Amino acid sequence: MLPRNRVDLLGDAARRRAELTREFGEAGEGIQGALTGSAAQHEATDAFFKQGPQLPPDGFFDGWKLKGQIKEHPALEAAPRLAGEEPALALVRGLLPFLVHLEKPSAPLARTRALSQVLTAPSTYPGGMDALRDVLTRRLTELGGDVLGRDNPAGFIVEELAFDGSKFSGVKLVRSDTLYRASCLVTATDSGALRRLVTDKKHHRGLLEHLDQSNIKSLLFSVNWVVPEAALPRGMGELVLVDTQDAELGPLLVQQHPARTSAGTGGKDVEGVRVVCAGAFVPATARDEGEEHLKVLAARIDEHLDRLMPFTKQHRALRSVPYLDAGGVRGSRLMPHPLYSFETEAFLGVTGLKQRTPSKNVILAGREVLPGLGLEGELLAGMRAARLVQDMLKKKDPLKG
C-alpha cells in the first residue's frame, strides 16, 4: 500500500506482472524483474548452508575454515537484486526489519536471503509460535525429556543459574529450593534476560562480557484491533505492507489473524471475528520516554489503520497495545522482535554472538547468534547447538537410533 497505489503481490508470475503493469504502467515490468530476481536470489546460497558451516566460528581454526568455504561461494556476496529508486521497491525492502534481527544490515547476505525466501513463498505456522512450542515440547517428552511448563506444580520460571566454579551446574526456579542439575545449558533466551540470571557477577565476568557484546537498538511496537470480519475492506489481504510516509515509524506491517479465546477457555477460534495487528519499529529508548510517549505512538498507528480501513473503526470491539496493556510486557527483558547491533566481527554480515561462551558448558542458541538470517538463523543455531552438546557429552544423535 503506497499513498497513490495499491498492489497485490500474487504468487503467480503472470498475474503479478499484470497487476504491476495495471498499477505502474511501463515501470511495472522493471519492478517485476527486480522482484523475480530477488525471490530467486536465496537459491544461489543454499549450497553453502547445506554444508553446515561453523557460523559464527568459535575460534581461529573455525574462522579459517569458514573463510575458505566463503571463497567457494561467491553468491554469498552478490549485490541485492531488489535495487532501484521506485517507491514500490523501496517499500518492499522495508519488509526486511520484520524478517531479521539486525539494525540496518549492510552486507549483501543479510539484505537478501531472508527477504528472498519470503518473496518466494510467505508462510505461517498453523497456530503460531504456541503451536510450534507444543510440537517441540511433545517431541522432547517422547525422547525421554522433562518439560517444566505452566502446569508444573514446582514452578517453571528460572530465577538463577548455579555454577560449580566457572562451570554451569544447574538452574533454580522461583519459589523453589530444588536445583535442577545438568551437564550443559542451551539457552535460547535473550542475553539481557540471561545476564539477569547470573547472580555472582564477580566470578562470571567473562560470560557477562560475552553477553554484553549485544546491544538492542529498536523494537517492534504493535497495536491490535479486534473487529468483525465483515467490517474489513473487501480484498484486503492477510499481510499488508503500508508506506506510512512517516520518517519515524517507517513501513507498517499489518497482519490479520483469527480471533481466539484465551488458553484457559480452550483457545478456540471465534467465527467471524479477526484480529488486525499493525506493527512498526521504534527506538529501544522509546520505553524510557514514559507511557504518554508510547500512547502517542499507538495513536499514530491507529491513524494509519483508520486510513487503511476507513469504515472499520466504528465496528471495533477491542483495541489493545500489548506493550502498554499486557501485564509484565513493558518491564520484560524479552522485547518483541528487537533489532541488535554487535561489538563482534560480523561474518557475512549475518552473525552476532558466538555460540560457545567463556562458561564452556553454556551454549547460546537464540536470535542473537545469526540475527541476519532471521527465523532461519534461529533454527540453524539450534541445530548447531545440538551438535555441540553431542560432541561435549560424547553422545550419539538420539534421532538416529
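How many helices and strands does the protein chain have? The protein chain has 12 helices and 11 strands. This is a predicted model. With a radius of gyration of 23 Å, close to the 21 Å from the globule rule for 401 residues, the protein chain is as compact as a globular protein of that length. A search of the whole structure turns up 18 salt bridges.

**Overall build**

- Along the principal axes, the C-alpha atoms of the protein chain fill a box of roughly 65 × 55 × 45 Å.
- Of the 401 residues, 41% count as buried.
- Take the contacts between residues at least 6 apart in sequence: 63% of them join residues at least 24 apart.

**Surface and charge**

- The protein chain exposes about 22,300 Å².
- Carbon and sulfur atoms supply 53% of that exposed area.
- There are 52 positive and 50 negative side chains.
- The centres of these two sets lie 4 Å apart.

**Salt bridges**

- Side chains of opposite charge can pair when their charged atoms come close.
- Asp 58 and Arg 356 form one salt bridge, with their closest N and O atoms 3.6 Å apart.
- This pair links distant parts of the chain, 298 residues apart.
- Asp 58 sits in the loop between helix 3 (46–50) and helix 4 (60–71).
- Arg 356 sits in the loop between strand 10 (339–342) and strand 11 (362–364).
- Asp 58 has a relative accessible area of 19%, so it counts as buried, the limit being under 20%.
- Arg 356 is partly exposed, at 39% relative accessibility.
- Asp 302 forms a salt bridge with Arg 319, where the closest N and O atoms are 2.6 Å apart.
- That pair also links distant parts of the chain: Asp 302 is in helix 10 (residues 291–308), Arg 319 is in strand 9 (residues 318–320), and 17 residues separate them.
- Asp 302 is buried, with a relative accessible area of 12%.
- Arg 319 is partly exposed, with a relative accessible area of 31%.
- Glu 19, Arg 22 and Glu 23 are joined into one network by salt bridges that share partners.
- Within the network, the side chains of Arg 22 and Glu 23 meet at 2.6 Å, N to O.

**Leu 109**

- Leu 109 belongs to helix 6 (residues 108–120).
- Is Leu 109 buried or exposed? Leu 109 has a relative accessible area of 1%, so it counts as buried.
- Leaving aside neighbours within four places in sequence, Leu 109 is in contact with Thr 45, Phe 49, Leu 76, Leu 348 and Val 350.
- The C-alpha atoms of Leu 109 and Ala 284 are separated by 25 Å.
- Along the chain, Leu 109 and Ala 284 are 175 residues apart.

**Ser 169**

- Where does Ser 169 lie? Ser 169 is part of strand 2 (residues 167–173).
- Ser 169 counts as buried because its relative accessibility is 13%, and the limit for a buried residue is under 20%.
- Which residues does Ser 169 touch, not counting those up to four places away in sequence? They are Ala 162, Phe 163, Asp 164, Tyr 180, Arg 181 and Ala 182.

Notes:
Residues numbered from 1 in each chain as written. Predicted model: local features only at pLDDT ≥ 70, side-chain atom pairs only at ≥ 80, totals over all residues. Heavy atoms only, no water. Helix = DSSP H or I, 4+ residues; strand = E, 2+ residues; numbered from the N terminus. Buried < 20%, exposed > 50% of the residue type's maximum accessible area, 1.4 Å probe, protein only. Contact = heavy atoms within 4.5 Å. Rg over C-alpha atoms; globule rule 2.2 N^0.38 Å. Areas by Shrake-Rupley, 256 points an atom, 1.4 Å probe, with all protein chains shown as cover. Lys, Arg positive; Asp, Glu negative; His and termini not counted. Charge placed at Lys NZ, Arg CZ, Asp CG, Glu CD. Salt bridge = Lys/Arg side-chain N within 4 Å of Asp/Glu carboxyl O.
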